[in-house]
Amino acid sequence: MTMKALLLENKGATFVVREVPTPAVTPGDVLIKLKASALNHRDYYIQQGTYPRVTYPVIIGSDGAGVVEDVGENVPRSLINTEVVINASQSWGDDPNVQSKGFKVLGFPDSGTFAEYIAVPARYVQPKPKHLSFEEAAAISLAGLTAFRSLFTRGGLESNQNVLVTGIGGGVAIATMQLALAAKANVYVTSGTDGKIKRAIALGAKAGANYKMPTWAEDMQKSSGGFHLVVDGAAGPGFGKLLDIALPGGKIVIYGSTQGRIQNAEPARIFWKQLSVLGATMGTETEFGAMLRFVEQHDIRPVIDGVFPISQAAAGLQRMQMGEQFGKVVFKNDF
């Protein structure tokens, strides 16, 4: 039995549709007919060949949602026909504080969601929140999990605290903003595009600043009074400014480094202000379930920049590469 899938056959190659074997359902697995999937920057890095130790050909894709069509031994058959969302954070391990050496993200080295079907251990699927479409469910998986861990597990967010979310427009940043707003935090944002700041304010952010302006940090300080929590996906030369505008005893959680290595981070500003600088990526199975319950409880719908037929995946990848998107780029499976 075969299925159609998007393959990357070489470094830098465009996607091609190929017939490949349908994945086998081993004990403990569920076979999912995928309805939608979504792009992450990780997919672009793999396509460009800059992700570590990639081997080709490969089926990528970490985010996905669909319907269970079959189950392996030791999995209740009652799961068949269940609408599910897939947890891309796999083999975390027993320590909730840090992932194990065996930790992996779906989409490499294991085949990912840009295909008709995928087989994954049943422990990595959760019922799709009823208020979400398949496209919305696919959009919330990886971004929502990283945002949830950054805000609540690592950041210890409390209601009425001031939160700064940098680089608004990307999937994790927008999910962070939405979750923080639902938790009744005062959310502020930065972006290099004024239009994205305006859209964030329309969604509930109190104010924003364009980080290309030399006084952006001072402007944020004046409008907010300082930040209890900063959630940052950029790092780079502007990181030192985050130390300036964090309140004494505040926390800065870093989940990415799109602007490169941290620069201008004066240690005295960290220890004198008693700041906590923390890392976060993905999360545990418990956090994934808690994130989905939070999304359902607060009727959160992820922001989608655009939905592309999966046959037009190259156009979706180009959209993300240009950096103009506001929200997730999602594929509707139309093989």
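Visitor: Which residues line the largest cavity?

Guide: Ala139, Ile140, Ala143, Gly171, Ile174, Ala175, Gln178, Pro302, Val303, Gly327 and Lys328 line it. A cavity here is a set of points on a 1 Å grid over the protein atoms alone where a 1.4 Å probe fits but cannot get out, and lining residues have an atom within 4 Å of a point. Before we go on: this is a predicted model, where local features need pLDDT of at least 70, side-chain atom pairs count only at pLDDT 80 or more, and totals for chains, interfaces and linings use all residues. Residues are numbered from 1 along each chain as its sequence is written, and side-chain values use heavy atoms, with hydrogens and water left out.

Visitor: What volume does the largest cavity have?

Guide: About 50 Å³, taken as the space filled by probe spheres set on the points, with grid points joined across faces, edges and corners. The search of the whole structure finds one cavity of 30 Å³ or more.

Visitor: Which element gives the most to its lining?

Guide: Helix 3, with four residues. Helix 2 (134-154) also gives two or more. Helices (H or I, at least four residues) and strands (E, at least two) are DSSP runs, numbered from the N terminus.

Visitor: Back to Lys328 from that lining. Is Lys328 buried or exposed?

Guide: Buried, because its relative accessible area is 5%. The cut-offs are under 20% for buried, over 50% for exposed and partly exposed in between, with a 1.4 Å probe and protein chains only. Lys328 sits in strand 17 (residues 328-332).

Visitor: What does the side chain of Lys328 reach?

Guide: The backbone oxygen of Leu39, at 3.0 Å. Lys328 also touches other residues, including Asp63, Asp305 and Gly306; contact means heavy atoms within 4.5 Å.

Visitor: New topic, sheets. In what order do the six strands of the open sheet come?

Guide: The order is 12-11-10-13-14-15, with parallel pairing. Two strands pair if DSSP finds at least two bridges between them. Strand 12 (207-210) and strand 15 (276-279) are the edges, each pairing on one side only. Neighbouring strands are turned by 20 degrees against each other on average, direction ignored. For angles, axes are lines fitted to C-alpha atoms, for helices over the stretch in contact, and values run from 0 to 180 degrees between N-to-C directions.

Visitor: How many bridges do strand 11 and strand 12 pair over?

Guide: Four. In strand 12, Asn210 is opposite Ser191.

Visitor: And which strands does helix 3 touch?

Guide: Helix 3 (residues 171-182) packs on that sheet and touches strand 10 (162-165), strand 11 and strand 13 (227-232), with its direction at about 165 degrees to that of strand 11. Helix 5 (residues 216-224) lies across strands 10, 11, 12 and 13, at about 170 degrees to strand 12.

Visitor: You mentioned strand 10. What does Asn162 in there touch?

Guide: Asn186, Tyr188, Ser224, Gly226, Phe227, His228 and Leu229, not counting residues up to four places away in sequence. Asn162 is buried, with a relative accessible area of 10%. A polar atom of its side chain lies 3.0 Å from the backbone oxygen of Gly226.

Visitor: Last one: why is strand 4 called largely enclosed?

Guide: Because seven of the nine residues of strand 4 (residues 63-71) are buried. Strand 4 pairs antiparallel with strand 3 (residues 29-38) over eight bridges, and three bridges join strand 4 to strand 5 (residues 83-86), also antiparallel. Ala65 in strand 4 is the bridge partner of Ala36, while Gly66 has Val84 in strand 5 as its partner.

Technical notes. Polar contact = N/O pair within 3.5 Å; in protein donor to acceptor, adjacent residues only side chain to side chain. 1 Å grid on protein atoms, 1.4 Å probe; cavity = no way out; pocket = protein on both sides within 12 Å on 5 of 7 lines; lining within 4 Å.
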